[in-house]
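I set out to keep a short record of what I looked up in this structure. The entries follow the order in which I took up each part.

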Amino acid sequence: MRTVDLITKKRDGGELSKKEIDALIAGYTDGSIPDYQMSAMAMAIFFKGMTPSERADLTMAMVHSGETIDLSGIEGVKVDKHSTGGVGDTTTLVLAPLVASIGVPVAKMSGRGLGHTGGTIDKLESVPGFHVEIDNGQFIDLVNRNGLAVIGQSDKLTPADKKLYGLRDVTGTVNSIPLIASSIMSKKIASGADAIVLDVKTGDGAFMKEMSEAEELAACMVDIGNRVGRRTVAVLSDMSQPLGNAIGNALEVREAIDTLKGVGPDDLTELCLTLGSHMAVLAGVATDKEEARSMLEQSISSGKALDKFKTFLEAQGGDASVADEPEKLPSAKHRFEVPAKQSGYVASIAAENMGVAAMLLGAGRATKESTIDLAVGIVLNKKVGERVEAGQSLATIHANGESVDEAIAKIYDSIRIDDQRVTPSPLIVGEVK
Ligand code: URA
Ligand code: CA
């Protein structure tokens, strides 16, 4: 089969067979199909799309391009959660111990990644001693023993996706829903998930800013999952303002601890209960969402969820006493308040711009080589819909450098205050099963 024939077939709107897709991905992974042909294919897909069976075949071809993680040594249904990414998203830190505390096994593979703040692993590493350098055997033992473990992302998973994502990045073909969906789903499936709960964000701080696009992506990923035997559910959630109050690594750990204690921000708590309920149902530990939710709420109020977090930290070398004494987490030298210039109601907090402000303080990575300052970031003191008086603090900056002018300017630029009361957009905006 000649690659050029596959490209012209797709260019003209034809449907590729499983055999053709397998050959394409195998050839691209081993280098026998060059970048220029794969670029043409990605562009043809960008314009012509993919049928549901092509998307599922592409996903599985990428899964089989590298190693897959075998979680069969762990009892129960392994449910993974994936978020399409937002600003100040502390969900995993709360969800993992929360669902583990009611019996959902959590075998989480996480990354560092680029972004406004670090990834889940960076955040966890702000707990003194905590590490993810464990081997696969230990990982599985820990999940069996404690119900929860986190390991660093193996670089041997889905090499085809890595290569293709890099190529898409420089050929204007990132923004193709079938390519995004198969990219995300291939990584989840290769890391051993039996079932998947997706948190697809929409709004300013999201990858998919338009609701219609987010819906389409969600439907596409759910369809792929279900076609390849992984029960998949997607929740669509609002990312027009940052999630919770904290943006920054140690600050988000603190926020996660508060949430596990039942005193966290309402939006973060609600999102964790919603996603956690789906996870519990898919894992078979609850019969429906209502039962799952009350189990999760009870686990928070009884302290079981927080205990699970401590057990988990300790098992991976972390100082679990941070859960009771969060002042032991890295903390920045300076605090600066950002006072409101006028009285009124907070009308919007542009999530992406706030993320950039946190990054300017050193909370995130601009390139793979950048180092992160775990202590720094921003804590919002007001969220959309809240009343603020002139001079009251809108946000607190936690910084290690003295010059925060640029970050302050970004924060002012991000927060709009209106005379009229504003109703915040709902947090959970949809669900796809
Ligand atoms: N995230 C991914 O993992 N893949 C994409 O293609 C886009 C976002
Ligand atoms: Ca947050």
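**Entry 1: The three-stranded sheet**

I began with strand 8 (residues 344-349), which is joined to strand 10 by two bridges, the two running antiparallel. I note that the model is a predicted one. For a point of reference in this pairing, I looked up G344 and found V388 of strand 10 opposite.

I then asked in what order the strands of this open sheet stand. Three strands form the sheet, in the order 10-8-12, with antiparallel pairing. Strand 10 (387-388) and strand 12 (415-418) are at the edges with a single partner strand each, so one side of each has no neighbour in the sheet. I also recorded helix 16 (residues 405-414), which lies across strand 8 and strand 12 and runs at about 45° to strand 12.

**Entry 2: The annotated region**

I consulted the UniProt record for this part of the chain. The unreviewed entry places the feature "domain: Pyrimidine nucleoside phosphorylase C-terminal" at residues 345-418. Over residues 345-418 I read 27% helix and 30% strand, and the C-alpha atoms at the two ends are 5 Å apart.

**Entry 3: The four-stranded sheet**

I next traced an open sheet of four strands, ordered 6-9-11-7 and paired antiparallel. Its edge strands are strand 6 (246-247) and strand 7 (334-339), each of which pairs on one side only. Between strand 7 and strand 11 (residues 393-399) I found six bridges in the antiparallel sense. In that pairing, S393 of strand 11 is the residue opposite P339. Helix 15 (residues 351-360) lies across strand 6 and strand 9 (377-380), and I noted its direction as about 135° to strand 9.

**Entry 4: Strand 5 and its partners**

I asked how many of the eight residues of strand 5 are buried. Seven of the eight are, and strand 5 (residues 231-238) is thus recorded as mostly covered. Strand 4 (residues 195-202) pairs with strand 5 in the parallel sense over eight bridges. From strand 4 the chain passes through helix 10 (residues 211-227) to strand 5, and I recorded this β-α-β crossover as right-handed.

Strand 5 is also joined to strand 13 (residues 428-432) by four bridges, and these two run antiparallel. I followed L236 in both directions: V200 stands opposite L236, and G430 is the bridge partner of L236 in strand 13.

**Entry 5: The calcium ion**

I asked which residues coordinate the calcium ion (ligand 2). They are G88 (O), T90 (OG1), L243 (O), A246 (O) and E255 (OE), at 2.3 to 3.0 Å. Along the chain these donors follow the spacing G-x1-T-x152-L-x2-A-x8-E. G88 lies in the loop between strand 1 (79-83) and helix 5 (91-100), and A246 lies in strand 6, so the pair ties together parts that are 158 residues apart in sequence. I noted that both G88 and A246 are buried.

**Entry 6: A250**

I closed with A250, which I located in helix 11 (residues 249-260). Is A250 buried or exposed? Its relative accessibility is 5%, and A250 therefore counts as buried. Leaving aside residues up to four places away in sequence, A250 touches S126, L329, P330, L374 and A375. I also looked up L124: A250 and L124 are 126 residues apart in sequence, and their C-alpha atoms are 8.0 Å apart in space.

Definitions and conventions:
Residues are numbered from 1 along each chain as its sequence is written. Chains are lettered from A and ligands numbered from 1 in the order in which they are written. This is a predicted model: local features need pLDDT of at least 70, side-chain atom pairs count only at pLDDT 80 or more; totals for chains, interfaces and linings use all residues. Side-chain values use heavy atoms; hydrogens and water are left out. Two strands pair if DSSP finds at least two bridges between them. Contact means heavy atoms within 4.5 Å. Axes are lines fitted to C-alpha atoms, for helices over the stretch in contact, and angles run from 0 to 180 degrees between N-to-C directions. UniProt positions are given in the numbering used here, feature names are shortened, and annotations may be inferred rather than shown by experiment. Buried means under 20% relative accessible area, exposed over 50%, partly exposed in between (1.4 Å probe, protein chains only). A crossover is right-handed if, with the strands pointing away from the viewer, the path from the first strand over the helix to the second runs clockwise. Donors are N, O and S atoms within 2.8 Å of the metal (3.2 Å for Na, K and Ca); water is not among the atoms, so sites may look incomplete.
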